[in-house]
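Colleague: Got a minute to go through this one with me? Put it up and we'll start with a side-chain pair.

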Amino acid sequence: MDNSNRRRFLQNSALLTTGLVGLPLISSANQDLSLSEKENINVFGPRQGYTSQLSILVSMMDWMRRMVVYSVKHLSRRELDYLHDDNANTIGAMLMHLAATETYYQLNTFDAMEWGSWDDQIAGKWDTAMNLGDGARDAIKGHDIKYYLDVLKETREKTLSGFRDRDDDWLMTVDKKFPWGPTNNYCKWFHVCEHESNHNGQIKWLKSRVPA
């Protein structure tokens, strides 16, 4: 193949990949989510009630949460409880894990609690989901999707309320005692967002493995 034909082949391949792989992902998500004219999930930027950088963070978290909901909202109880093997986690347990993670970051960043210092009542409610593994495999099951989505919604509403009461200076505040080392609130909450992305990938994989 000469150089001109090789360039033409690569250009056509790139167009085909963009057309068949990239576009339907966004298109189908938007159609299914029924976005209003006043709301565009794909435009990150100012959000009413939030300061500039918090608006960007809220934009990212909102986009990622929509994708998680899109992945799970039609799942049956059988699918939510499906255990692929003895070392796996169920989709239901991972959804609770997302809520537990967000709750602990609320305590750490909103209430200035050192990581892991919450009382036994809070730990008793959330540690099983936070830690996953055997405890979650035994305890987190038997719920329908509404149960999990309601927990996620309640947890997220508390997060958004906390953001509305804070500003960009707070977002940039560095915690020098965080287990990772010096970490600002922006990094902590971006981690909450990318953490959902990580588990959304696992959820999609598990969905594809549930026996017919």
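**Arg65 and the H4/H7 packing**

Modeller: Sure. The side chains of Arg65 and Glu102 make a polar contact, at 3.2 Å. Bear in mind that this is a predicted model.

Colleague: Which helix is Arg65 in?

Modeller: Arg65 sits in H2, which covers residues 52-72.

Colleague: And is Arg65 buried or exposed?

Modeller: Buried: its relative accessibility is 9%, and the cut-off for buried is under 20%.

Colleague: What else does Arg65 touch?

Modeller: Skipping residues up to four places away in sequence, Arg65 touches Leu152, Arg156 and Glu196 as well as Glu102.

Colleague: Okay, on to the helix pair. What's the angle between H4 and H7?

Modeller: About 15°, with the axes 10 Å apart. H4 is residues 91-109 and H7 is residues 145-164. Angles under 35 degrees count as roughly parallel, so H4 is roughly parallel to H7.

Colleague: Is their crossing left-handed or right-handed?

Modeller: H4 and H7 cross in a left-handed way.

Colleague: Which residues make that contact?

Modeller: From H4, Glu102 is one of them, and others include Leu95, Leu98 and Ala99. On the H7 side you'll find Leu152 and Arg156, among others. The contact residues split into 9 nonpolar, 5 polar and 3 charged.

Colleague: Switching topic: where does Thr101 lie?

Modeller: Thr101 is in H4. It's buried, with 3% relative accessible area.

Colleague: What is Thr101 in contact with?

Modeller: Met130 and His195, leaving aside neighbours within four places in sequence.

Key: Residues are numbered from 1 along each chain as its sequence is written. This is a predicted model: local features need pLDDT of at least 70, side-chain atom pairs count only at pLDDT 80 or more; totals for chains, interfaces and linings use all residues. Side-chain values use heavy atoms; hydrogens and water are left out. Axes are lines fitted to C-alpha atoms, for helices over the stretch in contact, and angles run from 0 to 180 degrees between N-to-C directions. Helices (H or I, at least four residues) and strands (E, at least two) are DSSP runs, numbered from the N terminus. Angles under 35 degrees count as roughly parallel, over 145 as roughly antiparallel, 65 to 115 as roughly perpendicular and the rest as oblique. A crossing is left-handed if the near helix is turned anticlockwise from the far one by less than a right angle, and right-handed if clockwise. Contact means heavy atoms within 4.5 Å. Ala, Val, Leu, Ile, Met, Phe, Trp, Tyr, Cys and Pro count as nonpolar, Asp, Glu, Lys and Arg as charged, and the others, Gly among them, as polar. Buried means under 20% relative accessible area, exposed over 50%, partly exposed in between (1.4 Å probe, protein chains only). A polar contact is a pair of N or O atoms within 3.5 Å; within protein, one must be able to donate a hydrogen and the other to accept it, and residues adjacent in sequence count only if both atoms are side-chain atoms.
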